[in-house]
Amino acid sequence: MLDPNTVLRGFSRALYSNWLLYKPDRILIDCGEGCATALDGSVGSVEKLFLTHSHIDHVGGLPTLLWTRSAGGQKAKPLQIFHSADDPFLAPLQAYVEGVRGLLSFPIEWCPLEPFERVELKSGWFLDTFPTKHLSNGQSLGFRVWERRTRLKEEFIGRPQSELDALAARGEIGAAKEAFDVMRAAFCGDSLPVEADLVRGAEILVHEATIFEGEESGPNHSTLGDALRVGSEAAPKLLLLNHLSRHHSKIQIETAIREHAQTLNISGAVWILIGDEMTQVL
Ligand SMILES: [Zn+2]
């Protein structure tokens, strides 16, 4: 059974702090308050930070991340900060970083991204962006992490192993194989419900669920029911709900998820991230 703790670590509470470390690639998705404190000695291993948008609960931990990274064991490693090219809240953060850049021990590169842009990760893996619906005056982004794998072409499936071995011996096995991409994880950040087609087939889908139905939360967030409907349509192996409001207890959230699930066809597991704790609900 897929356990998100094997690939993810993070913290989430709406309004306060949100961040997730995707362990296979050591990439950081957002950088809320407390991120560097939690990562402790491993802050230096993060070389790519991806910001869904620059609201303070998603970027408030960046100053500390920079300073602790500068004092750590891998202090010369460059840091790339990927962000939406159209993020109206980025400027104050950039002003801070530019103000201290000369005092830090490592180079920082700002990398603006549009929706549907691709970034190469470690060997064979890549990330691409998709548009989310959170900012009324700009474009927030979601991120999909893909692994490129190879498989036998259809016409070679079922052929005798001796035939494939002969191809391999002649150095021609490549002709029998094709590449395909597996969406290992999709991170939606803050958003109204994302389009299920954009994240369909993700192994792990992280979607926000800020409020219960009928509640006010400020604009452009998803309800618990919205997030579960996206999960039902996109059919990930595992749906992880985050950005939950502190106004509901864990028990209330778990009960509400089970009630919604009775009217939805949810094929995969459902987990919640509250604070730094990931818990399976379904
Ligand atoms: Zn936000």
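Two strands count as paired if DSSP finds at least two bridges between them. The strands themselves (E, at least two residues) and the helices (H or I, at least four residues) are DSSP runs, numbered from the N terminus. With that in hand, here is one such match: E208 has N242 of β12 as its bridge partner. The model is a predicted one, so to speak of a local feature takes a pLDDT of at least 70 and side-chain atom pairs count only at pLDDT 80 or more, while totals for chains, interfaces and linings use all residues. Residue numbers start from 1 in each chain and follow the sequence as written.

The strand that holds E208 is a good place to begin. Strand β11 covers residues 204-208, and 5 of its 5 residues are buried. Buried here means that 20 or more other C-beta atoms lie within 10 Å of the residue's own; 12 or fewer makes a residue exposed, anything in between makes it partly exposed, and the C-beta atoms are placed from the backbone. Both faces of β11 are covered, with I204, V206 and E208 buried on one side and L205 and H207 buried on the other. As for its partners, β11 pairs with strand β12 (residues 238-242) in the parallel sense, over 5 bridges. Strand β10 (residues 177-187) also runs parallel to β11, and 3 bridges join the two. In that pairing, A186 stands opposite L205.

Helix α7 comes next. Of its 11 residues, 8 are buried, so α7 is largely enclosed by the rest of the structure. Those buried residues are L224, G225, D226, A227, L228, V230, G231 and A234. They pack against α6 (196-199), β11, β12, α8 and β13 (269-274), where being in contact means that the C-beta atoms of two residues, placed from the backbone, lie within 7 Å. Just after α7, A235 takes a positive phi of about 50°. In the loop between β11 and α7 sits P219, which is exposed, with 10 other C-beta atoms within 10 Å. P219 and H134 are 85 residues apart in sequence, yet their C-alpha atoms are 7.8 Å apart in space.

How do α7 and α8 meet? The axes of α7 (residues 224-234) and α8 (residues 250-261) come within 10 Å and cross at roughly 50°. Such axes are lines fitted to C-alpha atoms, for helices over the stretch in contact, and the angles run from 0 to 180 degrees between N-to-C directions. The two helices are therefore oblique to each other, a label for whatever is left once angles under 35 degrees are called roughly parallel, over 145 roughly antiparallel and 65 to 115 roughly perpendicular. Their crossing is right-handed, which is the name used if the near helix is turned clockwise from the far one by less than a right angle, anticlockwise being left-handed. On the α7 side the contact is made by L224, G225 and L228, and on the α8 side by A256, I257, H260 and A261. These residues divide into 5 nonpolar, 2 polar and no charged; nonpolar takes in Ala, Val, Leu, Ile, Met, Phe, Trp, Tyr, Cys and Pro, charged means Asp, Glu, Lys and Arg, and polar is the rest, Gly among them.

Then there is a sheet made of strands β1 to β6. Its 6 strands form an open sheet in the order β1-β2-β3-β4-β5-β6, with mixed pairing. The edges are β1 (8-13) and β6 (108-113), each of which pairs on one side only. On average, neighbouring strands of this sheet are turned by 20° against each other, direction ignored. Inside the sheet, β2 (residues 17-22) and β3 (residues 27-29) run antiparallel and are joined by 3 bridges. One match there is Y22 with I27 of β3.

Strand β4 (residues 48-50) contains L49, which counts as buried because it has 22 C-beta neighbours inside 10 Å. Leaving out residues up to four places away in sequence, L49 touches L28, C31, L79, I81 and F82.

Two loop residues round off the picture. Most residues other than glycine have a negative phi. R26, though not a glycine, has a positive phi of about 50°; its place is in the loop between β2 and β3, and it is partly exposed, with 14 other C-beta atoms within 10 Å. D30 also has a positive phi, near 65°. D30 lies in the loop between β3 and α1 (35-39) and is buried, with 29 other C-beta atoms within 10 Å.
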